[in-house]
Amino acid sequence: MTAGPTFLTSPQAEALALPFSEAVRAGDFLFLSGQLGNVPGKLELVPGGIGPETIQTLEHIQAILERHGSSLDAIVKCTVFLADIRDWSAFNVIYRDQFQRHLPARSALAANGLALGARVEVECIAYAPATLP
């Protein structure tokens, strides 16, 4: 019998009191909620626009994956939401820096009205085999 999904959080995520799990484990996969370039532990964006926000967003993703037994190398799919599609090239420069060993499947689109007025939001799916008891 297969266990159902496990809804994962952390003290960092709980401190922000947001209405969603930071990740959900379903079988051998982790589904991460969309991440923004916010200052860790605060509901405010890092200053500087698309570059610093992208770096912080990817740092949040890496931290969540590591907390739950995975890594950036295990990401199989990302969805990227950009407040302005003209930031696509600038985002890609930083994104490529993080994914040098492999490139996950990816979709990118422009979205109006990201939370906190963010320039970028990224959600990911990572392979993370469940450990046996």
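Trainee: In which segment is Ala-130 found?

Mentor: This is a predicted model, and in it Ala-130 lies in the segment after β6.

Trainee: Is Ala-130 buried, exposed or partly exposed?

Mentor: Ala-130 counts as partly exposed, because its relative accessibility is 40%.

Trainee: Which residues does Ala-130 touch, if those up to four places away in sequence are not counted?

Mentor: With those set aside, Ala-130 touches Arg-25, Gly-27 and Asp-28. A separation along the chain may also be set beside a separation in space. Ala-130 and Leu-30 are 100 residues apart in sequence, and their C-alpha atoms are 9.7 Å apart.

Trainee: Let us turn to helix α2. How many Å should helix α2 span, and how far apart are its end C-alpha atoms?

Mentor: Helix α2 covers residues 50–67, which makes 18 residues. At 1.5 Å a residue it should span 26 Å, and its end C-alpha atoms are 26 Å apart, so the two values agree.

Trainee: Which residues of α2 are buried?

Mentor: The general idea concerns the geometry of a helix. An α-helix has 3.6 residues a turn, so residues three or four places apart point the same way. In this structure, the buried residues of α2 are Ile-50, Glu-53, Thr-54, Gln-56, Thr-57, Leu-58, His-60, Ile-61, Ile-64 and Leu-65.

Trainee: Against which elements do the buried residues of α2 pack?

Mentor: They pack against the strands β2 (23–26), β3 (29–32), β4 (75–82) and β6 (120–127), and against the helix α3 (88–98).

Trainee: May we take one residue of α2 as a case? What does Gln-56 contact, leaving aside its neighbours within four places in sequence?

Mentor: Gln-56 is found in helix α2 and counts as buried, because its relative accessibility is 13%. Apart from those neighbours, Gln-56 is in contact with Gly-37, Asn-38, Pro-40 and Val-46.

Trainee: How do the axes of α2 and α3 lie, and at roughly what angle do they cross?

Mentor: The axes of α2 and α3 come within 9 Å and cross at roughly 35 degrees. The crossing in which α2 passes α3 is right-handed. On the α2 side, the contact is made by Ile-50, Gly-51, Thr-54, Ile-55, Leu-58 and Gln-62. The α3 side contributes Ala-90, Phe-91, Ile-94, Tyr-95 and Gln-98.

Trainee: How do the residues of this contact divide into nonpolar, polar and charged?

Mentor: Seven residues of the contact of α2 with α3 are nonpolar, four are polar and none is charged.

Trainee: Which residues of α3 are buried, and what covers them?

Mentor: The buried residues of α3 are Phe-91, Asn-92, Ile-94 and Tyr-95. Their cover includes α2, β4, β5 (105–110) and β6.

Trainee: What follows α2 along the chain?

Mentor: α2 is followed by Gly-69, which has a positive phi near 85 degrees. Leu-72 is found in the loop between α2 and β4. Leu-72 counts as buried because its relative accessible area is 9%.

Trainee: Which residues does Leu-72 touch, not counting those up to four places away in sequence?

Mentor: Leu-72 touches Leu-58, Ile-61, Gln-62, Leu-65, Gln-98, Phe-99 and His-102. Leu-72 and Phe-99 are 27 residues apart along the chain, and 7.6 Å separates their C-alpha atoms.

Trainee: Which residues have a positive phi although they are not glycine?

Mentor: Ala-17 is one of them, with a phi of about 55 degrees. Ala-17 is placed in the loop between α1 (11–16) and β2, and it is exposed because its relative accessible area is 63%. Leu-116 also has a positive phi, of about 60 degrees. Leu-116 belongs to the loop between β5 and β6 and is partly exposed, with a relative accessible area of 43%.

Trainee: How many disulfides are there?

Mentor: The general idea comes first. A disulfide is a covalent bond between the sulfur atoms of two cysteines. In this structure the count comes to zero.

Trainee: Why are Cys-78 and Cys-124 not counted as bonded?

Mentor: The cut-off for a disulfide is a pair of cysteine sulfur atoms within 2.5 Å. The cysteine sulfur closest to that of Cys-78 is in Cys-124, and the separation of 3.1 Å is too far for a bond. Cys-78 is buried, with a relative accessible area of 1%, and Cys-124 also counts as buried, at 4% relative accessibility.

How values were computed: Residues numbered from 1 in each chain as written. Predicted model: local features only at pLDDT ≥ 70, side-chain atom pairs only at ≥ 80, totals over all residues. Heavy atoms only, no water. Helix = DSSP H or I, 4+ residues; strand = E, 2+ residues; numbered from the N terminus. Expected span 1.5 Å × (residues − 1). Buried < 20%, exposed > 50% of the residue type's maximum accessible area, 1.4 Å probe, protein only. Contact = heavy atoms within 4.5 Å. Axes fitted to C-alpha atoms, helices over the stretch in contact; angles between N-to-C directions. Left-handed = near helix turned anticlockwise from the far one by under 90°. Nonpolar A, V, L, I, M, F, W, Y, C, P; charged D, E, K, R; others polar.
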